[in-house]
Amino acid sequence: MTVAEKADGNGSVQIGIYVFDPASKTLCRGSEDPVRLEDKVALLLELLHAREGDVVSRDEIVAAVWDGRAVSEQTVPVAISKLRKALAEPAGEKPYIETVPKRGYRLRPTLAAGPAGPARGLMWVVSVAALLLIAIGLFWSRDDLSVTPPVAAEKPGIILTLKDIRAPSGSDTDVKRAIALSELASYYLSRVPEVLVIRHWWNFDAPDPTGGIFTRYGEDTPVYLIKGTLIDEGGKQLVLLSLSVPLKEEVIWSGAFDAGGTAESYFTLLAGMIEKVGVPNQALAEAGARELNVDQDFWHGRYMAQLSNQGAAKNALADLKHLLAENPDHVMAKNSLAALAARWPDLVADAPVSVTRVAGDHLSAVDEASLYLFRQRDAARAREALEEALTLAPGDHYALSLLAEAQASAGDVKAALASYEKAMRLAPFARAYGARYEAIQNHGAN
């Protein structure tokens with residue numbers, strides 16, 4: 001019997017020294033008791049096995065295992081890590097699960113050849129469905145960071161690269177909280193004019209983990225890496241943050257934030273961190289002046305809405321409705337719902353039709369611009385609102401993407417492409433930006 005032939009008559013397969021039963025989601029080694037895998041981890045193993053050692057991209061994994069919904073940047077790596085732990089290879093053997101830089105993951109080919117039993121046909125169907133979903137435009141975040149700024153990109157003074165906060169537990173609740181806290185940090189940092197904040201840039205599996213930062217901006221550009229991890233400590237959830245000089249692998253600052261704390265305390269912690277890169281306190285005072293709440297549903301929903309595709313918009317809608325059911329007077333949530341309904345009218349019903357402007361808050365200006373742009377088709381007023389928003393938050397990638405749409409609507413293709421280039425620079429994970437850039441480049445404003 002080869003390593004991938006049926007181990008028995010019920011669809012189990014042999015993978016190296018293990019027997020995997022997709023039906024019961026169990027993994028067994030020799031005479032040891034079977035170990036039940038988490039549902040997603042089992043589906044992941046089933047998918048990798050069904051692909052017979054071919055590389056499976058992150059997009060295919062998300063579409064097949066998570067039904068195509070938007071997930072954190074860390075969701076797939078965490079699942080891969082859990083699978084590797086469960087599927088530990090004997091000493092001296094090559095890893096069972098291989099990472100192929102910039103492409104994805106695969107089960108070691110010698111472990112995946114041959115038939116995989118009845119479950120295999122199902123996974124092929126799922127895989128094909130996944131590819132179709134991707135082909136029709138579900139633009140989710142990627143690990144290979146294929147969207148990069150042009151060589152002639154304007155050089156910033158300081159670059160902060162912000163990796164999404166990790167949730168090692170992998171639970172949906174923790175992952176959602178980690179995304180929300182990452183988005184709140186991005187909100188704050190986008191309001192600091194001295195720095196260029198780039199999300200999701202680093203890909204540590206790639207030959208050039210920086211994604212080409214120094215190629216485009218020069219080796220003398222000050223670049224810093226912000227990383228965070230969500231942990232449980234004595235009944236509390238803490239976010240452990242660090243700021244490092246990546247080329248030297250030197251940590252120059254670290255801090256901890258109580259995930260149940262206030263946005264004001266979070267901003268104060270971030271202000272102390274930013275001081276380390278030479279941004280004075282005075283420049284940060286206005287950016288952190290407003291009192292915000294760490295509303296998990298709001299900030300996660302905001303992140304989803306900014307992915308700019310209908311699938312992610314559905315997730316944003318669920319978040320905002322859940323928040324408004326508990327707090328009907330949440331002004332920022334109502335504004336975001338109104339903007340979502342303007343952009344996706346077939347998706348959102350019974351939403352507010354106006355936005356309440358909040359002094360000093362660039363998000364309400366962005367939401368108002370969405371109403372002008374998508375509901376009223378008034379590109380001129382949309383541009384005015386967006387220019388106001390970008391004065392408050394020059395690093396807001398979503399505001400730049402909407403500005404690009406307003407410019408394209410007005411027939412200014414050159415300006416629209418320039419705005420999308422800036423947006424892609426700040427948020428290389430937002431694949432919809434790249435798609436719209438190409439569409440405008442090829443077809444103009446249509």
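**Helix crossings and sheets in a predicted model**

The crossing of α10 and α13 is left-handed, and I would like to begin with that pair, noting before anything else that what we have on the screen is a predicted model. Helix α13 covers residues 362-375, and it packs against α10 at an angle of about 45°, with the two axes 14 Å apart. At that angle, α10 and α13 are therefore oblique to each other. If you look at the residues involved, Phe 298, Trp 299 and Arg 302 on the α10 side meet Leu 363, Val 366 and Asp 367 on the α13 side. Sorted by class, this contact has four nonpolar and two charged residues, with no polar ones.

Let me stay with α10, residues 296-305, and turn to its contact with α6, residues 172-189, where the axes come within 8 Å and cross at roughly 75°. These two helices, α6 and α10, are therefore roughly perpendicular to each other. On α6 the contact uses Thr 173, Lys 176, Arg 177, Ile 179, Ala 180, Glu 183, Leu 184 and Tyr 187, and on α10 these meet Gln 296, Asp 297, Trp 299, His 300 and Tyr 303. The residues of this contact divide into six nonpolar, three polar and four charged. You may have noticed one name coming back: Trp 299 takes part in the contact with α6, and Trp 299 is also among the α10 residues that meet α13.

A third helix pair lies further along the chain, and here α15, residues 397-409, packs with α17, residues 431-443, at an angle of about 20°, the axes being 12 Å apart. That angle makes α15 roughly parallel to α17, and the crossing of α15 past α17 is left-handed. Which residues make this contact? From α15 they are His 397, Tyr 398, Ser 401, Glu 405 and Ala 408, and from α17 they are Tyr 433, Arg 436 and Ile 440. By class, that gives four nonpolar, two polar and two charged residues.

Now to the sheets, beginning with the one whose pairing is mixed: it is open, has five strands, and runs in the order β8-β7-β9-β10-β11. The edges are held by β8 (195-199) and β11 (250-258), each of which has a single partner strand, so one side of each is left without a neighbour in the sheet. From one strand to the next, the twist averages 25°.

Within this sheet, β7, residues 158-162, pairs with β9, residues 223-233, in the parallel sense over four bridges. To follow the register on the screen, find Leu 160, which stands opposite Tyr 224 in β9, and then Thr 161, which stands opposite Leu 225 in β9. Packed on the sheet is helix α8, residues 263-275, which touches β7, β9, β10 and β11, and whose direction makes about 170° with that of β11.

On the other side of the β9 pairing, β9 and β10, residues 236-245, run antiparallel over nine bridges, and Thr 229 has Leu 240 in β10 as its bridge partner. These two strands form a hairpin with two residues between them, and Gly 234 in the turn has a positive phi of about 60°.

There is another hairpin to set beside it, formed by β5 and β6, with three residues between the strands and with Lys 102 in the turn at a positive phi of about 65°. Here four bridges join β5, residues 97-100, to β6, residues 104-107, in the antiparallel sense, and Ile 97 has Leu 107 in β6 as its bridge partner.

Towards the start of the chain we find an open sheet of four strands in the order β1-β2-β3-β4, with antiparallel pairing. Its edges are β1 (13-15) and β4, each with a single partner strand, so one side of each is left without a neighbour in the sheet. Three bridges connect β1 with β2, residues 18-21, and the bridge partner of Ile 15 is Tyr 18 in β2.

I will finish with the salt bridges, of which the count comes to 13. One of interest here is between Lys 82 and Glu 38, whose closest N and O atoms are 3.1 Å apart. Where do Lys 82 and Glu 38 sit in the chain? Lys 82 is in helix α3 (residues 75-86), while Glu 38 is in the loop between β4 (35-36) and α1 (39-50), so that the pair links distant parts of the chain, 44 residues apart.

Definitions and conventions: Residues numbered from 1 in each chain as written. Predicted model: local features only at pLDDT ≥ 70, side-chain atom pairs only at ≥ 80, totals over all residues. Heavy atoms only, no water. Axes fitted to C-alpha atoms, helices over the stretch in contact; angles between N-to-C directions. Parallel < 35°, antiparallel > 145°, perpendicular 65-115°, else oblique. Left-handed = near helix turned anticlockwise from the far one by under 90°. Contact = heavy atoms within 4.5 Å. Nonpolar A, V, L, I, M, F, W, Y, C, P; charged D, E, K, R; others polar. Pairing = 2+ DSSP bridges. Salt bridge = Lys/Arg side-chain N within 4 Å of Asp/Glu carboxyl O.
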